[in-house]
Amino acid sequence: MYPATSPLLTDLYQLNMVQAYLDHGQMDTAVFEFFVRRLPARRGFLMAAGLEQALDFLENLQFSSEEIDWLRKNYRFTDGFLDYLARLRFTGDVDAMPEGTIFFANEPIIRVTAPLPEAQLVETRLINILHFQSVVASKAARMVLAAPGKQLIDFGLRRAHGAEAGLMAARASYLAGFDGTATVLAREYFGIPVFGTMAHSFIQAHDDETSAFLEFARSRPDNLVLLIDTYDTEAAARKVVTLAPRLKKEGIAVRGVRLDSGDLIVLSKAVRRILDDGGLHDVTIFASGGLDEDELAKMMDANAPIDGFGIGTSLTTSSDAPAFDCAYKLQEYAGIARRKRSVGKATWPGRKQVWRSFGDDGCMTGDVLALDHDRQAGEPLLVPVMRHGRRLAAPSTLADIRKRAAQGLAQLPWSLRHLSDGTMLPVTVAPGLIALAEEVDRRCAAMM
């Protein structure tokens, strides 16, 4: 029962409901949509991510004999239900926003159309996959906008909430525009460039800083970046200036220095002067240490001579907005539109599409949320990606997803690109959708 692929990675109530559906013959086609109800504070937009892993999950959905036996021993499910699970494969259709697409509140980023038990059973894991990667991609996108042209590296595995979270955060941040990650397995899994320097412990393990620099340089001469803030940052920068010619004679080039503490604006300017005065104009400065998009923006405004940043905790935990108010809700069953009417959690019924319009400058001007068959002006954002349980095309490459994400960020209105608080893109609900909601409400009222 490998957790990442086991269909038992779900909520018990999914299995309870599927048992009840089967007992009462509720096998007609259902339509579920995943969306974010409202944007978190300081989020003017979100970025869709995780579709590739979601489709992998659906395409490979299968209970093993071991899992069936475990359910038989631990829960009082019927033999008929367990036989159904043993034969279960996902046979439905999926329409979705491609990864890297910018989206807003109440816009479905994935629509699942399948027999009701199938569509219900996959809810928990789909939310788990799509929510987390979209959270991280949305946070990473803000950092890309805050520090245009700067190298951004994911440093967050050690603070991530679990191994899979750290690996998926590397993927989500990379597709949003980061340049790479420190997580080695991300290169094996996804082909993401991996970067690494050294820790303070390496410096501390030596009797003097110069010896530490020399020994590390000789062991790992490629793309050499030296950490210079363990003791006295400016003194260490001067040591780098002294050592650089000596290392050059050995065929080793110092590519950069890294700052991980202190006033990074002041220190980076001082270190830049020391390096330049020593003739090391090509040696870059890389900074890390508790950074987020606000810190990046401050350093950009101060013209800090920093060439790249390592982002850890604030990225992989999305510390200011660690979760979205999201949902995967039934919108149609047996050909009849359905609607949740709970206070503060009401949904728009029916199968929906999002239409996006652009101005003459190429920037987004607004979205329209409409019924799937109700064509509106603009471009449709949800596209068919799976039919009858099988993908319609090979997975998009990360390179293509990065291009889509970069284009989407470039098409944001100026205020959203500059992370201005309180700005939103208008999302209009089409009259046909409003009319359907009213019709569903009248039907529900008549049944009460």
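**Loops, helix contacts and ring pairs in a predicted model**

Ala41 sits in the loop that runs between β1 (29–38) and β2 (46–47). The structure here is a predicted model, and this loop is a handy place to start looking at it. With a relative accessibility of 62%, Ala41 counts as exposed, since the cut-off for that class is over 50%. Along the sequence, Ala41 and Asp320 are 279 residues apart, yet their C-alpha atoms are 8.5 Å apart in space.

Arg76 makes a useful second stop. This residue is found in the loop between α3 (65–74) and α4 (79–87), and at 88% relative accessibility Arg76 is classed as exposed. Arg76 and Phe324 are 248 residues apart along the chain, and here the C-alpha atoms are separated by 35 Å.

Stepping back to the whole chain, the secondary structure comes to 17 helices and 19 strands. The C-alpha atoms fill a box of roughly 85 × 55 × 35 Å along the principal axes. Of the 448 residues, 51% are buried. The chain exposes about 20500 Å², and carbon and sulfur atoms supply 51% of that area. As for contacts in the chain between residues at least 6 apart in sequence, 75% join residues at least 24 apart. On the charge side, there are 50 positive and 56 negative charges, and their mean positions lie 1 Å apart.

Val122 lies in the loop between α5 (116–121) and α6 (123–146). Is Val122 buried or exposed? At a relative accessible area of 1%, Val122 is buried, because anything under 20% falls in that class. Leaving out residues up to four places away in sequence, Val122 touches Phe57, Leu58, Leu61 and Tyr328. Val112, ten residues from Val122 in sequence, has its C-alpha 9.5 Å from that of Val122.

Thr230 is another loop residue, placed between β8 (224–227) and α11 (233–249). Its relative accessible area is 19%, so Thr230 counts as buried, the limit for that class being under 20%. Which residues does Thr230 contact, neighbours within four places in sequence aside? They are His200, Ile203, Gln204 and Glu209.

Glu209 turns up again in the surroundings of Lys239, a residue of helix α11. Lys239 touches Glu209, Thr210 and Phe213 when residues up to four places away in sequence are not counted. The C-alpha atoms of Lys239 and Glu209 are separated by 8.4 Å, with the two positions 30 residues apart along the chain. Lys239 has a relative accessibility of 28% and therefore counts as partly exposed.

The backbone has a couple of spots worth a look. Most residues other than glycine have a negative phi. Asn223 has a positive one, near 50 degrees. Asn223 is placed in the loop between α10 (209–219) and β8, and at 60% relative accessibility this residue counts as exposed. Ser318 also has a positive phi, near 40 degrees, and belongs to the loop between α14 (313–316) and β12 (325–333). What is the relative accessibility of Ser318? The value is 0%, so Ser318 counts as buried.

Aromatic side chains come next. A search of the whole structure finds seven aromatic pairs. One of them joins Tyr189 and Phe190, whose ring centres are 6.0 Å apart; the planes meet at 80 degrees, so this pair is edge-to-face. The cut-off for that label is over 60 degrees. Elsewhere, ring pairs link Trp70, Tyr75, Phe77 and Phe81 into a cluster.

Phe190 has a charged partner too: Arg171 lies over the face of its ring, at 5.8 Å from the ring centre. A second arrangement of this kind involves Arg402, which lies over the face of Tyr174 at 4.1 Å from the ring centre.

Definitions and conventions. Residues are numbered from 1 along each chain as its sequence is written. This is a predicted model: local features need pLDDT of at least 70, side-chain atom pairs count only at pLDDT 80 or more; totals for chains, interfaces and linings use all residues. Side-chain values use heavy atoms; hydrogens and water are left out. Rings of Phe, Tyr and Trp (its six-membered ring) pair if their centres lie within 6.5 Å; planes under 30 degrees apart count as stacked, over 60 as edge-to-face and the rest as tilted. A charge sits over a ring if NZ of Lys or CZ of Arg is within 6 Å of the ring centre and within 35 degrees of the ring normal. Helices (H or I, at least four residues) and strands (E, at least two) are DSSP runs, numbered from the N terminus. Buried means under 20% relative accessible area, exposed over 50%, partly exposed in between (1.4 Å probe, protein chains only). Contact means heavy atoms within 4.5 Å. Accessible areas come from the Shrake-Rupley method with a 1.4 Å probe; for residues, only the protein chains shown count as cover. Lys and Arg count as positive and Asp and Glu as negative; His and the chain ends are not counted. The place of a charge is taken as NZ of Lys, CZ of Arg, CG of Asp or CD of Glu.
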